[in-house]
Amino acid sequence: MLIRKSEGWEIPEREVTPEAVYWNRRQILQSAGLLAASSLVGQPKPLYPAVKNEEFTVPAASLTPDWAASGYNNFYEFDPNGKETVKDLVDKFVISPWQIQVSGLVKEPQMYDLDDLLKKLPLQERVYRFRCVERWAMVVPWTGFPLASLIKLLEPKASAKYLRFVTASRPSEMPGMKKAPYPWPYFEGLRMDEAMHPLTMVVTGMYGKPLPKQNGAPVRIVTPWKYGYKSIKSIVNIEFRTSEPPTFWNKLISSEYGFYSNVEPKKPHPRWSQAVEQMIPTMERRPTMQYNGYEKFVAGMYNGKEF
Ligand code: MTE
């Protein structure tokens, strides 16, 4: 018999308050079999909304409204100076078809079509806390799959110890790239155990719909115990490698942004305290949580120094 183990990131559905109507309607439809009805008549099953994974939700927190999470963004390729403006600058960005180059220490380095990958990797929905290094925070229902499932599919070699991710670089579609002299394209990295951790997600949607372009369509990473800049958007390359990859923000300002970037309330940013976070859109202040509330699950990967 399969016994489902309860994890500490779970909360009862009733504690997720503001968008309760959204969840309830979906659950009623799902239990009545209505959301799956199209598969009965031979149509491909729609990807969204995906099945909700009840193991991943957030203690005593409320969901951020969809309009706030998709209207207040950091995506420097579109606007290095604004957040509310990003959503109005993404129109020209072409997100389909989308290919990801897998390179380095894997069985078969090759180009993958995202749609083909999605046929092999079933989507699920998880609610995560998200904390930007600038202190704003949100709680978002992401749709995607564990990065570990993709890594297993790609069959890395034993010598692969790190992953490097790179964002699309299309100055003609991304107006911010010409505005700031940054080391484009945006690049990030994870250690293999971080990438394999069950919390690390490859995300293709949010709020039961495909990702808006401003949130990193069509595919991004989400590592909820790290500052948001580790959650790289619109990925076109994944490289498996032996050495720690350089990262965009570390290259720009190494004294302020390290490789690990784990959320640590007691370690101030050189220019501001990290003790408190502000929930968008109300900017209500709350104490920052160690590893953004995921300490129990991720602290074992670190020796207490990697922040
Ligand atoms: N990825 C790319 N390619 N470019 C960016 O500017 N900004 C990062 C991260 N990923 C960024 C990126 C930062 S600083 C944050 S806080 C999050 O994206 C914001 O994600 P959101 O806009 O979906 O909230």
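**Figure 1. Polar contacts of the ligand.** In this predicted model, a backbone N or O atom of N74 lies 3.2 Å from a nitrogen atom of the ligand. Side chains contribute as well: an N or O atom in the side chain of N73 is 3.0 Å from an oxygen atom of the ligand, and an N or O atom in the side chain of N215 is 2.9 Å from an oxygen atom of the ligand. The ligand taken alone exposes 540 Å², of which the protein buries 99%.

**Figure 2. Surroundings of the ligand.** The ligand has 18 residues around it, and Y76, E77, N215, R220 and K233 come nearest. N215, one of these five, is also the residue whose side chain has an N or O atom 2.9 Å from a ligand oxygen. The space that the ligand takes is the largest pocket.

**Figure 3. The buried side of helix α5.** Helix α5 comprises residues 147-154, and L147, A148, L150, I151 and L154 in this helix are buried. These residues lie on the same side of α5 because they cover an arc of only 160° around the axis. In an α-helix there are 3.6 residues a turn, so residues three or four places apart point the same way. Just after α5, E155 takes a positive phi of about 55°.

**Figure 4. A195 of helix α6 and I151 of helix α5.** A195 is found in helix α6, which spans residues 192-196. The relative accessible area of A195 is 0%, so A195 counts as buried. I151, one of the buried residues of α5, is 44 residues from A195 in sequence, yet the two C-alpha atoms are 8.3 Å apart in space.

**Figure 5. S70 in the loop after helix α3.** The loop between α3 (66-69) and β2 (99-104) contains S70. With a relative accessible area of 12%, S70 is buried, because the cut-off for a buried residue is under 20%. A polar atom of the S70 side chain lies 2.8 Å from the backbone oxygen of D66, and residue 66 is where α3 begins.

**Figure 6. The cis peptide bond between Y48 and P49.** Y48 and P49 are joined by a cis peptide bond with an omega of about -5°. P49 lies in a loop, with α2 (37-40) before it and β1 (51-52) after it.

**Figure 7. The loop between β12 and β13.** Two backbone features are shown in the loop that links β12 (276-279) to β13 (284-287), where P281 is found. The peptide bond from I280 to P281 is cis, and its omega is near 0°. M283 lies in this loop as well. Although M283 is not a glycine, its phi is positive, at about 65°. The relative accessibility of M283 is 28%, so M283 counts as partly exposed.

**Figure 8. R135 in the loop between β4 and β5.** R135 is found in the loop between β4 (124-131) and β5 (136-146). R135 is not a glycine, but its phi is positive, at about 100°. A relative accessibility of 30% places R135 among the partly exposed residues, because this class lies between the cut-offs of 20% and 50%.

Note on methods:
Residues numbered from 1 in each chain as written. Predicted model: local features only at pLDDT ≥ 70, side-chain atom pairs only at ≥ 80, totals over all residues. Heavy atoms only, no water. Buried < 20%, exposed > 50% of the residue type's maximum accessible area, 1.4 Å probe, protein only. Helix = DSSP H or I, 4+ residues; strand = E, 2+ residues; numbered from the N terminus. Arc of directions from axis to C-beta. Near = heavy atom within 4 Å. Polar contact = N/O pair within 3.5 Å; in protein donor to acceptor, adjacent residues only side chain to side chain. Areas by Shrake-Rupley, 256 points an atom, 1.4 Å probe, with all protein chains shown as cover. 1 Å grid on protein atoms, 1.4 Å probe; cavity = no way out; pocket = protein on both sides within 12 Å on 5 of 7 lines; lining within 4 Å. Sits in = over half its atoms within 2 Å of the grid points.
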